[in-house]
Amino acid sequence: MKAWTRIASAVLLAVSPTAFVPSHASAAAPAAADVRVDVDVRAGLATVGDTALGVNHAIWDKELGTPAVSGLLKDAGVGMLRYPGGSYADIYHWRDHTAPGGYVAPDTDFDTFMAGARATGAEPMIIANYGTGTAQEAADWVRYANVTKDYDATYWTIGNENYGNGHYGSAWEADEHADKSPKEYASTVVAYANAMKAVDPTIKIGAVLTMPGNWPDGIVGSGDQGTWNQEVLTRAGSVIDFVDVHWYPGGTTAAETLGKPAQIQDAMHLLRQQIDRYAGRDVAISMTETNVEVGRNTQPGALFLADVYSGLLAQGVFTVQWWNVHNGLGTVSEVAGQTDYGDYGLLSSGNCNDSVCQPPLNTPFAPYHALDLMGDFARTGDRFIGAGSDNALVSAHAVHRANGDVAVLLVNKDPDAAHTVALNYHGFTAAAGTPEVSAFTNGADGVTTAPAGTAGSQTLAPYSITLVTVRSGRTPAIAPKAPARPTATATDRTATITWPAVADGLKYEVYRQNGGAAELLGETTGTSLTARNLEPGRRYTVNVVARDGAGRTSPASPPLTFTTGTPTDAACTVTFRDVNDWGNGYVGSIDITNNAASAVGGWTLTFSWPTGWQELSSGWNATWTQSDRTVRVTSDGSLAPGATTNVGFVGSYSGPNVLPAVFTLNGTVCTSR
């Protein structure tokens with residue numbers, strides 16, 4: 001966190017949590033559906049772990065570890081707590097419980113935190129002091145935690161937002177190192193990891209990265225060989241167990257902010273590409289801070305939390321953590337008819353300014369209720385599955401439970417209108433009867449639960465989160481085990497997908513994820529299938545399902561994502577480079593080579609932006625135009641056989657910058673490099 005708010009130091013009385021009374025479904029006939037949602041159990045995503053739902057605790061919060069707070073967090077299903085609190089981590093010294101230059105509240109030391117974490121039933125994630133600490137100090141902390149006290153603290157991150165140390169211009173993170181480059185951070189991470197694992201080799205070490213699409217992603221600092229992520233992963237990737245990113249996507253309106261979760265899949269894809277390319281090994285991902293700028297403690301914050309936690313967990317992030325448990329009064333405004341205190345906290349700090357006071361201490365804000373609903377939705381062992389909506393104002397997420405049930409989380413981001421959703425299931429048969437529905441609506445004091453609607457139809461209140469739990473209509477039976485994660489070898493138009501055999505006598509079905517309705521690519525009794533007629537430069541995610549002779553199907557395999565290439569012997573070659581990036585825009589350079597035996601005259605190069613948040617600003621050495629996401633580059637010049645010409649442009653982006661990969665010259669797909 002770039003800034004923090006001091007919690008008021010006055011002693012305030014805690015209040016008991018509000019009792020939530022379930023509402024009852026209306027007997028009125030359901031409205032005609034205006035939104036279609038598809039849910040497909042054959043499109044398997046990530047499995048929910050026990051650290052999935054997390055929040056931040058801070059040493060300036062005098063309520064840290066109190067029974068009232070621990071009880072509320074436990075009730076919400078929180079499985080991980082981060083300490084000692086954002087940027088404070090880089091000034092905090094655990095042994096004497098001091099943070100020079102910052103405020104430390106009474107009774108917030110490490111032992112108090114651990115007692116609160118145990119009362120919550122949550123794993124700790126501890127931030128070792130990189131900015132003003134040493135590897136020895138961190139190793140001593142590990143020794144105290146896991147040898148002296150036997151706390152079994154597994155997860156340790158080296159520093160907080162250390163790219164905010166001034167190396168790229170902005171400075172909010174304490175850093176006493178003379179060299180503030182990512183190279184220095186990486187080499188120090190290696191030293192910390194070696195010292196800490198010498199004490200306890202079972203711990204897991206995390207390094208700080210930037211979220212793709214967020215500053216300073218893409219920027220190469222003075223004297224650096226690459227971006228922050230590239231330098232850190234290249235130099236420290238062999239010693240770390242996970243990477244740690246933060247995401248404050250911004251937005252000047254609630255509607256803009258609530259559209260940002262659509263960027264998650266691309267951001268995680270880019271981050272994993274960077275990990276694969278520069279670390280060369282499997283490294284887990286944590287998201288330890290996220291929040292909004294509009295409606296922090298009213299309904300936009302709640303809707304964002306539900307959407308973001310679900311989206312990130314489905315993509316395999318092992319923990320998502322809200323900033324913060326308490327934070328304090330900010331700028332007061334009205335959002336969707338509710339008073340918003342500008343507070344990043346899940347719970348009220350109970351403090352006042354000259355004209356307004358917050359609700360009593362520890363009163364849950366709207367995002368807390370969203371987290372509470374997430375605790376009912378994404379339970380340990382549940383498997384996220386494909387879910388998709390045909391309306392951008394309604395997000396859909398789904399999990400498949402071990403008992404065969406399916407739970408669907410629906411987020412209505414429309415502040416003014418209810419929407420009736422038609423739910424369509426694939427690979428799953430819903431039981432008859434009225435499903436259990438839990439909902440959190442705008443201005444409500446908590447989550448209400450009651451039977452409502454049908455498995456196929458639900459009406460969502462404006463600005464609401466709705467959890468529909470649908471029982472399986474099939475009798476449980478012994479089904480084949482899920483296949484292991486497949487592998488793929490792809491060309492521009494085909495991909496050969498291979499997996500280990502599960503058992504004899506099975507048929508295997510290969511599905512391509514496509515929103516909430518997976519597409520069958522083919523089936524075989526073997527353990528390999530070649531998918532044809534694919535598109536060049538396209539990203540595909542597939543699962544394999546096993547079916548026995550009685551028609552019983554296995555759970556889906558873990559997902560595999562691969563990208564097809566471009567032709568290797570095309571009549572043209574395009575070499576694309578991002579030559580100068582400043583975090584929300586870049587200079588692109590394109591070399592076009594004519595591989596044909598004859599000249600190409602009056603040529604047109606065409607490509608499409610991979611996302612909707614990228615656009616052309618200007619271009620040179622040709623005529624540049626953009627229509628929707630398609631960019632055309634035209635020239636009256638001639639390109640001789642074997643000749644190369646260069647064109648360039650300035651592009652802008654407001655999310656993960658997925659670079660274009662497929663180019664056509666006069667309609668012919670070129671080889672891309």
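## Exercises on two disulfides and an arginine

In this predicted model, Cys572 and Cys670 form a disulfide whose sulfur atoms are 2.0 Å apart. Let's start there and work outward.

**Exercise 1.** Find out which parts of the chain the disulfide of Cys572 and Cys670 ties together, and work out its handedness.

*Solution.*
- Step 1: Place each cysteine. Cys572 belongs to strand β27 (residues 572-581), while Cys670 sits in the loop between β37 (668-669) and β38 (671-672).
- Step 2: Look at the spacing. The pair therefore ties together parts that are 98 residues apart in sequence.
- Step 3: Check the torsion about the S-S bond. It is about -95°, so this disulfide is left-handed.

**Exercise 2.** Decide whether Cys572 and Cys670 are buried or exposed.

*Solution.*
- Step 1: Recall the cut-off: a residue is buried when its relative accessible area is under 20%.
- Step 2: Cys572 has a relative accessible area of 2%, so Cys572 is buried.
- Step 3: Cys670 has a relative accessible area of 0%, so Cys670 is buried too.

**Exercise 3.** Now describe the disulfide of Cys352 and Cys357.

*Solution.*
- Step 1: Start with the distance: the sulfur atoms of Cys352 and Cys357 are 1.9 Å apart.
- Step 2: Turn to the angle about the S-S bond, which is 105° and goes with a right-handed link.
- Step 3: Consider accessibility. Values between 20% and 50% count as partly exposed. Cys352 has 44%, so Cys352 is partly exposed. Cys357 has 43%, so Cys357 is partly exposed as well.

**Exercise 4.** Give the number of disulfides in the structure and their pairing pattern.

*Solution.*
- Step 1: Count them: the structure holds two disulfides.
- Step 2: Number the bonded cysteines along the chain, and the pattern reads 1-2, 3-4.

**Exercise 5.** Map the surroundings of Arg42.

*Solution.*
- Step 1: Locate Arg42 in strand β1, which covers residues 35-47.
- Step 2: List its contacts. Leaving aside residues up to four places away in sequence, Arg42 touches His426, Gly427, Tyr511, Ala518, Asn543, Val545 and Ala556.
- Step 3: Pick out polar contacts between side chains. Arg42 has one of 2.9 Å with Asp40 and one of 3.4 Å with Tyr511. Tyr511 also appears in the list of Step 2.
- Step 4: Compare with a residue elsewhere in the chain. Ser238 is 196 residues from Arg42 along the chain, and their C-alpha atoms are separated by 35 Å.

Notes: Residues are numbered from 1 along each chain as its sequence is written. This is a predicted model: local features need pLDDT of at least 70, side-chain atom pairs count only at pLDDT 80 or more; totals for chains, interfaces and linings use all residues. Side-chain values use heavy atoms; hydrogens and water are left out. Helices (H or I, at least four residues) and strands (E, at least two) are DSSP runs, numbered from the N terminus. Contact means heavy atoms within 4.5 Å. A polar contact is a pair of N or O atoms within 3.5 Å; within protein, one must be able to donate a hydrogen and the other to accept it, and residues adjacent in sequence count only if both atoms are side-chain atoms. A disulfide is a pair of cysteine sulfur atoms within 2.5 Å. Buried means under 20% relative accessible area, exposed over 50%, partly exposed in between (1.4 Å probe, protein chains only).
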